[in-house]
Each structure stands twice: as structure tokens, then as C-alpha cells.
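Subject: Structure for you to look at, with notes

Dear colleague,

I am passing on the structure we spoke about, and I would be glad if you could open it alongside this message. My notes come after it.

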Amino acid sequence: MWDRKEIKRRAKDVLRTSYWKAFVVSLILVLLGEGSGIPSLDQRMGSSSIRSELSNSVHDMDWGILGPFLVIVLFIVGIMAVIGIAFYILIGSPLTVGSLRYFKQAAEGEVRMGNIGYAFNKEWYWAIVLTMLWRGFLNFLWFLLLIIPGIVKAYAYSQVPYILADNPNIGYNRAVELSKQMTQGHKFRMFVLDLSFIGWILLGLLALGIGVLFVQPYINATKAELYLYLRHNALTYKLTTEYELRLAPTPYF
């Protein structure tokens with residue numbers, strides 16, 4: 001079983017010589033909404049009060065005057081939402097895989113910024129897009145049921161981008177299945193690992209929230225180290241093969 005302190009120590013060792021490169025890559029992940037911050041309950045509570053105020057305001061509206069205007073606004077918002085979703089699917093998800101490949105490769109000794117654009121190779125671009133879309137769709141379905149099952153499944157599918165970073169043509173069903181197998185029996189410990197960063201995140205929030213950005217490289221580097229352990233474990237128990245993941249026969253431990 002992996003040791004949380006050892007995983008984090010390895011991440012720190014990697015960042016000692018490449019922190020600012022990791023910071024730039026982490027900033028990309030944050031901009032894509034893939035940061036590892038703590039969900040804000042205040043935002044949900046705030047959104048409820050906003051909805052209440054909007055509801056009260058709606059009753060006071062003169063629909064004869066504002067109706068056409070609201071239709072135009074909703075149309076524009078809808079178009080922007082479609083563009084945003086398309087951007088994430090076609091640009092954001094490949095960038096996510098490339099950014100996580102950077103951290104994975106850095107953990108293996110290759111610190112190269114060029115890994116960010118890894119997913120845009122024409123030989124595997126659409127395979128990555130399809131697999132990330134499938135993973136997102138599955139997460140969405142589970143979160144529609146209940147929050148807790150959604151969180152559990154999010155951990156189960158969390159290794160998909162890293163698996164794609166090893167073999168982008170592994171197939172969307174196989175990537176999801178292998179991620180589930182790799183995280184079997186580890187999800188609660190992964191949750192505890194995430195909780196172990198709360199102190200750093202709270203400290204970052206004290207600096208007007210900007211400090212959280214400087215914690216992200218540490219979090220991302222740690223999760224890359226975790227993937228290497230889970231991958232090694234999967235190879236040991238023959239859940240996958242070096243051939244399937246396109247690996248050189250070099251053991252991690």
C-alpha cells in the first residue's frame with residue numbers, strides 16, 4: 001500500500017528543480033477548471049439566495065416590454081454556453097491530458113514543456129477527445145443520481161487522463177475500466193490525500209486566494225506520483241501490461 005508522506009516527498013523532490021515550469025502548467029489546468037481547490041459551499045448558498053431574489057424580481061417584471069429582450073439574452077447565453085462546451089471538449093480536454101502528461105513525465109525524470117501539446121497529435125487527438133468526453137459523460141450521469149456516488153465515481157475515473165498520457169489509443173472503454181481497476185481499494189485513501197492539502201489551500205486563500213495557485217504544482221505533482229504507484233501496482237497484479245500502456249520495461253519501485 002502506498003504511503004501518503006512518501007508520495008508527497010517524491011513530488012517535492014521533482015518540484016525542487018522545476019517548480020516554475022510546473023506552476024505554468026498548473027495555471028493552465030486551473031484556467032481549464034481542472035484545479036484541485038476545495039468546492040465552495042458559500043457559492044451554492046449564494047446561488048440559492050440569488051435565485052430567490054431573481055424569482056421575486058421576475059414577478060415584478062413587465063413581460064410585455066422585457067419579454068423580447070429576455071429571449072434575446074437567453075439566446076446569446078445559450079450560444080455562449082454551446083461555444084464554451086465545444087471549446088472544452090475540443091481544446092480543453094486535450095490540454096488537460098497534455099498538462100497531466102507533463103507532470104507524469106516530470107515524475108519519471110523528463111521535464112519538458114512540450115508535453116502540454118502532446119494530445120494534439122493527429123494520430124491520437126480524436127481518440128483522446130472521445131475518451132475524455134466519455135469520462136465526463138459518465139461522471140455527469142453519476143452526479144445526477146447523488147453527490148456521494150458521483151464523488152466516488154469521480155475518483156474511480158480519475159486516472160483516465162494519465163492512462164491516455166501513456167497510451168492515447170487505448171480505447172475509451174478500456175481507459176475507464178482500467179482506471180476503475182487501478183483505483184479499486186484506493187479511493188478512500190485518495191480522498192484522504194486530497195484532504196491533506198486543505199491546510200495549504202486555506203493558507204493560500206488568506207493571500208486573497210492568489211496563494212492557492214502556488215499550491216497547485218504541489219498537488220498536481222503529488223497526483224502524478226500517485227498514478228505512477230497505481231500503474232506499477234496494476235502491472236504487478238497483471239491488470240494491464242507494459243505493451244498496452246506503451247511503457248519501457250523500467251519498474252517504478
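What follows goes through the internal cavity, the aromatic pairs, the charges over rings and one helix.

Please keep in mind throughout that this is a predicted model.

I began with the empty space inside the protein, where the count comes to one cavity of 30 Å³ or more, and its volume is about 40 Å³. The lining of this cavity is made up of Ala11, Val14, Leu15, Ser18, Ala22, Tyr102, Phe103, Ala106, Ala107, Ala221 and Glu225. Helix 1 (4-31), helix 3 (63-107) and helix 10 (211-236) are the elements that each give two or more residues to that lining, and helix 1 gives the most, with five residues. Sorted by class, the lining has nine nonpolar residues, one polar and one charged.

Helix 10 also holds His232, which is partly exposed because its relative accessible area, 22%, falls between the 20% and 50% limits. His232 and Glu242 are 10 residues apart in sequence, and their C-alpha atoms are 9.8 Å apart in space.

Turning to the aromatic rings, the count comes to 16 aromatic pairs. In one of them, Phe120 and Tyr125 have ring centres 5.9 Å apart and planes at 25°, so the pair is stacked; Phe120 is partly exposed, with a relative accessible area of 34%, whereas Tyr125 counts as buried at 13% relative accessibility. In another, the ring centres of Tyr155 and Phe191 are 6.4 Å apart and the planes stand at 90°, so this pair is edge-to-face. Since Tyr155 lies in helix 5 (residues 147-156) and Phe191 in helix 8 (residues 187-195), the pair ties together parts that are 36 residues apart in sequence. Tyr155 is buried, with a relative accessible area of 14%, while Phe191, at 34% relative accessibility, counts as partly exposed. In addition, Tyr19, Trp20, Phe23 and Phe214 form one aromatic cluster.

Two charged side chains are also placed over rings: Lys8 lies over the face of Phe197, at 4.5 Å from the ring centre, and the charged end of Arg101 sits over the ring of Tyr118, 4.0 Å from its centre.

Finally, helix 4 (residues 125-145) has 21 residues and spans 31 Å from its first C-alpha to its last, which is close to the 30 Å expected at 1.5 Å a residue. Its buried residues are Tyr125, Ile128, Val129, Thr131, Met132, Arg135, Leu138 and Asn139.

With best wishes

Technical notes. Residues numbered from 1 in each chain as written. Predicted model: local features only at pLDDT ≥ 70, side-chain atom pairs only at ≥ 80, totals over all residues. Heavy atoms only, no water. 1 Å grid on protein atoms, 1.4 Å probe; cavity = no way out; pocket = protein on both sides within 12 Å on 5 of 7 lines; lining within 4 Å. Points joined across faces, edges and corners; volume = space filled by probe spheres on them. Helix = DSSP H or I, 4+ residues; strand = E, 2+ residues; numbered from the N terminus. Nonpolar A, V, L, I, M, F, W, Y, C, P; charged D, E, K, R; others polar. Buried < 20%, exposed > 50% of the residue type's maximum accessible area, 1.4 Å probe, protein only. Expected span 1.5 Å × (residues − 1). Phe/Tyr/Trp six-rings, centres within 6.5 Å; stacked < 30°, edge-to-face > 60°. Lys NZ or Arg CZ within 6 Å of the ring centre and 35° of its normal.
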